[in-house]
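Trainee: I've just opened this one and I'm new to it. Could you walk me through it?

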Amino acid sequence: MALGEVEAVAKVGKGLFIGGKWVDAAGGKTFSVEDPSTRSPLCEVADATIEDAIAALDAAHGAFEAWAATPPRYRAEIIRRAYEIIMARSEELALIMTLEMGKPLAEARGEVAYAADFFRWFAEEAVRIDGRFYVAPDGNSRVLTMKQPVGVAYMITPWNFPLAMATRKMGPALAAGATVVLKPAEQTPLCSLALASILEEAGLPAGVVNIITTSDPAGVSEALMNDDRLRKVSFTGSTEVGKILAERAGRRLLRVSMELGGNAPFIVFDDADIDLAVGQAMIAKMRNMGEACTSANRFLVDSKIASEFSEKLADRMSHLNVGRGTEADTNVGPLIDQAAIDKVTSLVSDAVANGAAILTGGRANLDDGYFFEPTVIVGTSSNSSISKNEIFGPVASVVTFNDEAEAIDLANGTEYGLVAYVFTNNLSRGLRVIEALKTGMVGLNQGLVSNAAAPFGGVKDSGFGREGGFEGIEEYLDLKYVAINHRA
Ligand code: NAD
C-alpha cells in the first residue's frame with residue numbers, strides 16, 4: 001500500500017462505537033478486512049459478540065427519550081454539520097471506500113457526495129414533520145394526527161455502497177428522533193466506522209448512533225431482533241437474507257424496511273436515440289462495476305436496432321480500463337470477492353452454452369485482485385440463468401423483442417421489481433410502458449435514478465419501504481391518532 005493509503009486506513013477507529021466510546025469486542029476478538037484489488041489484508045476491526053450487540057442496544061435505548069425530545073432544529077443542525085464534514089473529508093473517505101470496496105476513486109467521490117446528500121436532505125426534512133387536524137364527518141369530533149419517532153432502529157447495510165447505504169438509513173432516523181444500532185457488511189466496515197467519528201465531531205450525543213462490526217451477522221441480528229427494546233429493522237442486501245429477516249421481524253411485529261435485490265430491465269425501443277441509450281447503458285451497467293441493485297441486468301432491445309446498439313455498447317465497453325481503483329486511469333475496479341467472480345463466470349458460461357455469443361470480454365483476470373473484463377453478450381435467451389439472476393458484475397446481456405407487448409412481458413417476467421429503464425422518443429409509448437412495468441422506480445431516457453430527494457425502493461421480491469425523498473422519514477415515524485371530543 002502507498003503511504004497515503006496506510007495513513008487513511010490508520011486514521012479510522014477499528015473498535016466498536018458504543019455509547020459514544022470506542023471499545024474492544026468482548027474477548028478482544030477481531031476480523032480482517034481485505035483490499036479486493038490486491039487480495040491482501042488492509043487491517044483488523046473489532047468482531048462484536050452478542051454481548052457487545054446488546055451493549056449497543058442498551059446505549060441506543062438509553063439515549064432514545066432524550067434524543068426524541070430534542071427540538072427538530074437541534075437535530076437538523078447536527079445532521080447538517082455531519083453533511084458538511086463528510087464533504088470536507090471527501091478525499092479521505094473516497095480513498096477508504098476504494099481500498100475496502102474496490103470502486104474507482106472517481107466513483108467513490110461520487111458516492112461520498114451522494115451519501116452526504118442524504119444528510120443534507122434529511123436535515124431539511126427534520127423540521128417538517130407534520131400531522132393533521134380535521135373535522136370528523138359527523139361534525140362532532142375532531143381528528144388530530146401526530147408523528148413520533150419509532151424508537152431504536154437496527155440497520156444492516158451491504159458492501160456495495162458502504163457509505164451511502166448507512167447515511168440513507170441514518171439520515172431519516174436521526175431526523176425523526178430515533179436512535180440507531182448500525183451493522184455494516186463484514187467486507188466494508190471502514191466507511192461506517194469513519195462515519196462514527198464524523199457524527200461525534202458534528203455533536204451527536206453519545207448513544208444516539210452505535211456501530212458494531214461483526215463476523216457473525218446472523219447471531220448478532222437474531223439477538224437484537226429478539227430484544228423487546230428494538231422497534232425497527234431496516235435492511236439493505238440480498239433478497240435471500242431479507243426474507244429471513246422479515247420472517248424473524250414478524251415474530252415480534254417489528255416495523256421493517258427492506259431494500260433488496262433487483263433484476264432491472266433496460267428497454268430500448270426502435271424510436272429511441274440510440275447513442276443516448278448506449279451512453280446511459282454504460283452508467284446503468286457499469287456504475288460500481290455492475291455491483292448495484294439498480295444495475296441494468298437485462299438489455300431488452302428491439303430486434304430492428306439490436307445489432308447497432310450491441311456493437312456500439314461493445315465498442316464502449318472494450319475501451320474501459322480495468323485496474324486498481326486508486327489508479328487515475330481506472331474505469332473499472334475489482335469485484336468484491338472470489339464468490340462474485342465465480343458467480344459471474346458461471347452465468348456467462350451458462351449463457352454461452354445456451355446459444356449466446358460474446359462480443360467483448362468474458363473472462364476473469366485474477367492476477368492481482370478479483371477482476372472481470374467488461375463484457376457484452378448477445379443472443380441471450382430470456383430463460384437462461386443470466387436473465388433470471390442478479391449478475392452483480394460488469395456483464396451486459398442483450399435479449400431482443402419484436403413489439404411493445406413482448407417487451408413489457410419480458411421486463412415483468414421476474415420475481416424482482418426494483419427499477420426499470422425505458423428508452424423511447426415517443427412520450428405516449430413511454431408513459432404506457434411505464435404504467436405497465438411492475439417496479440418501484442423507472443428511469444425514462446435516463447440510466448441513473450438514485451437521488452436523495454426521491455423515494456428509492458422496490459416492489460415484489462425487491463422489498464418494501466422507501467428511502468430518501470419526502471417518504472424516507474416516515475419509515476422512522478409512528479403515527480398516532482387522537483379523537484377529540486369537541487363538545488366536552
Ligand atoms: P447480503 O444479504 O449477503 O448482506 C447484506 C448485509 O446483511 C451484510 O451486512 C451482511 O453482514 C448481513 N447479513 C448476511 N446474512 C445475514 C443474516 N443471516 N442475518 C442478518 N444479517 C445478515 O448481501 P450482499 O451480497 O452483501 O449485498 C448485495 C445485495 O444487496 C444484492 O442483492 C443487492 O441487490 C442488494 N442491494 C440492494 C439495494 C437496494 O436498495 N435495494 C442497495 C444495495 C444493494
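Mentor: Sure, let's begin with how the pieces are named. Helices are DSSP runs of H or I with at least four residues, strands are runs of E with at least two, and both are numbered from the N terminus. Take Ser192: it lies in helix α7, which covers residues 190-201.

Trainee: Okay, and what sort of model is this?

Mentor: It's a predicted model, where local features need pLDDT of at least 70 and side-chain atom pairs count only at pLDDT 80 or more, while totals for chains, interfaces and linings use all residues. Residues are numbered from 1 along each chain as its sequence is written, and side-chain values use heavy atoms, with hydrogens and water left out.

Trainee: Back to Ser192, is it buried or exposed?

Mentor: Ser192 is buried, because its relative accessible area is 0%. Buried means under 20% relative accessible area, exposed means over 50%, and partly exposed is in between, using a 1.4 Å probe and protein chains only.

Trainee: And what does Ser192 touch?

Mentor: Skipping residues up to four places away in sequence, Ser192 touches Pro162, Ala166, Leu182, Pro184 and Ile211. Contact here means heavy atoms within 4.5 Å.

Trainee: What about Glu200, where does that one lie?

Mentor: Glu200 lies in helix α7 too. It has a relative accessible area of 36%, so it counts as partly exposed. Beyond residues up to four places away in sequence, Glu200 touches Phe17, Gly20 and Trp22. Lys21 is 179 residues from Glu200 in sequence, and their C-alpha atoms are 9.7 Å apart in space.

Trainee: Switching to the big picture, how is the protein divided?

Mentor: There's domain 1, made of 3-260 + 463-481, and domain 2, which is 264-451. Those bounds come from an automatic or database domain assignment. Taken over C-alpha atoms, the two domain centres are 30 Å apart.

Trainee: How many residues of each are in contact?

Mentor: 25 residues of domain 1 are in contact with 31 residues of domain 2. Together the domains bury about 2,200 Å², with 54% of it on carbon and sulfur atoms. On the domain 1 side, Ser37, Arg39 and Trp159 lose the most area to domain 2, together 24% of what that side buries. Buried area is the accessible area (1.4 Å probe) that two parts lose on being put together, summed over both.

Trainee: How many salt bridges does the rule find across that interface?

Mentor: It finds 2. A salt bridge is a side-chain nitrogen of Lys or Arg within 4 Å of a carboxyl oxygen of Asp or Glu. Asp35 and Arg324 have side chains that meet in a salt bridge at 2.7 Å, N to O.

Trainee: Which elements does domain 1 bring to the side that touches domain 2?

Mentor: β3 (30-35), α4 (90-101) and α5 (105-125) are the elements giving two or more residues to that side. α4 gives the most, with 5 residues. By type, that side of domain 1 has 10 nonpolar, 7 polar and 8 charged residues. For those classes, Ala, Val, Leu, Ile, Met, Phe, Trp, Tyr, Cys and Pro count as nonpolar, Asp, Glu, Lys and Arg as charged, and the others, Gly among them, as polar.

Trainee: New topic: which strand is Leu230 in?

Mentor: Leu230 is in strand β10, residues 230-236. Leu230 counts as buried because its relative accessibility is 0%. Setting aside neighbours within four places in sequence, its contacts include Leu57, Val152, Tyr154 and Arg252. Leu57 is 173 residues from Leu230 along the chain, with 7.6 Å between their C-alpha atoms.

Trainee: Anything odd in the backbone?

Mentor: A little background helps here. Most residues other than glycine have a negative phi. Leu253 has a positive phi of about 50° although it is not a glycine, and Asn288 has one of about 65° although it isn't a glycine either.

Trainee: Where are those two found?

Mentor: Leu253 is in the loop between α9 (239-252) and β11 (255-259), and Asn288 is in the loop between α10 (274-286) and β13 (296-302).

Trainee: Is Leu253 buried or exposed? And is Asn288 buried or exposed?

Mentor: Leu253 is exposed, because its relative accessible area is 68%. Asn288 counts as buried, because its relative accessibility is 0%.
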